[in-house]
Amino acid sequence: MRVNKWVSAALFAATALSPASLLYADLKVDEKGFTRMQLGDEKWEEYPGIPGVSRMVVYGDPSKTGAYVIRVRFAPGTMSMPHFHPEDRLATVLKGTWWTGTGENFEPEKTEPIPAGGFMLHPGGAAHFDGAKD
């Protein structure tokens, strides 16, 4: 199984499984290969094509097959339109509330809140939309 990305007014981290090579965040790797990132080492960028959304690639390369971890922030009031990803995506909310909806119709009033500490699996190929309401 492979996994990926997205959510701060909601902030979430997602993960992809299998080997990876590129590191984008300011990660510290010791002589035994243990890798750490401390608060303050974040490097955020605008998420391509989605105003109000920024991301940080923590580990790996999301454009290639293999493991990677991404953190995503949604500005208040920012929602993605219905879309899907070819692979499964595992998402954990780190801060705020992430509002999630499923299906091909954009119906933000039918989204379900996932507060900090919550988790969601987006099955590969399944349409969904998400973001931050407040």
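This passage walks through a predicted model of a single chain, starting with its overall make-up and ending with a few side-chain details.

The chain is built from strands: there are 10 of them and 0 helices. Read from the N terminus, the order of elements is simply β-β-β-β-β-β-β-β-β-β. Of the 134 residues in the chain, 41% are buried. As for how far the prediction can be trusted, the mean pLDDT of the chain is 82, and 81% of the residues reach 70 or more. Confidence is highest in strand S8 (residues 112-115), at a mean of 97, and lowest in strand S1 (residues 10-16), at 52. Two stretches deserve some caution. Over residues 1-10 the pLDDT stays under 50, although the model has 71 contacts there beyond four places in sequence. Residues 16-23 also stay under 50, and for these the model has 27 such contacts.

Next comes the way the strands line up. S4 and S5 pair in the antiparallel sense over 2 bridges, with glutamate 46 standing opposite serine 54 in S5. These two strands form a hairpin with 6 residues between them, and glycine 49 takes a positive phi near 80° in this hairpin. S5 is also joined to S6, again antiparallel, this time by 6 bridges. Here methionine 56 has arginine 71 in S6 as its bridge partner. S5 is mostly covered, since 6 of its 7 residues are buried.

What sits in the largest nonpolar core? This core has 13 residues, and those with the most contacts inside it are Val53, Ile70, Val72, Phe74, Trp98 and Ile114. Strand S5 (53-59), strand S6 (68-74) and S7 are the elements that give two or more residues to the core. S6 gives the most, with 4 residues. This fits a broader pattern: in soluble globular proteins, nonpolar side chains tend to be buried together.

Further along the chain, strand S7 (residues 89-102) pairs with S10 in the antiparallel sense over 4 bridges. In this pairing, threonine 102 stands opposite histidine 128 in S10. Strand S10 (residues 128-131) has His128 and Asp130 pointing one way and Phe129 and Gly131 the other, and all of them are buried. In general, side chains in a regular strand alternate between the two faces of the sheet.

The structure holds 1 aromatic pair. Phenylalanine 106 and phenylalanine 129 make up this edge-to-face pair, with 5.4 Å from centre to centre and 70° between the planes. Phenylalanine 106 lies in the loop between S7 and S8 while phenylalanine 129 lies in strand S10, so the pair ties together parts that are 23 residues apart in sequence. The two rings are covered to different degrees: phenylalanine 106 counts as partly exposed because its relative accessibility is 32%, whereas phenylalanine 129, at 2%, counts as buried.

Two other aromatic rings have a charge sitting over them. The charged end of arginine 73 is over the ring of tryptophan 44, 3.8 Å from its centre. Likewise, lysine 133 has its charged end over the ring of tryptophan 99, 4.1 Å from the centre.

Lastly, there is a charged residue tucked into a loop. Aspartate 41 is found between strand S3 (35-36) and strand S4 (45-46). At a relative accessible area of 16%, aspartate 41 is buried. Leaving aside residues up to four places away in sequence, aspartate 41 touches Asp26 and Lys28.

Definitions and conventions:
Residues are numbered from 1 along each chain as its sequence is written. Side-chain values use heavy atoms; hydrogens and water are left out. Buried means under 20% relative accessible area, exposed over 50%, partly exposed in between (1.4 Å probe, protein chains only). Two strands pair if DSSP finds at least two bridges between them. A nonpolar core is a set of buried Ala, Val, Leu, Ile, Met, Phe, Trp, Tyr and Cys residues joined through side-chain atoms within 4.5 Å. pLDDT is the predictor's confidence in each residue, from 0 to 100. Contact means heavy atoms within 4.5 Å. Rings of Phe, Tyr and Trp (its six-membered ring) pair if their centres lie within 6.5 Å; planes under 30 degrees apart count as stacked, over 60 as edge-to-face and the rest as tilted. A charge sits over a ring if NZ of Lys or CZ of Arg is within 6 Å of the ring centre and within 35 degrees of the ring normal.
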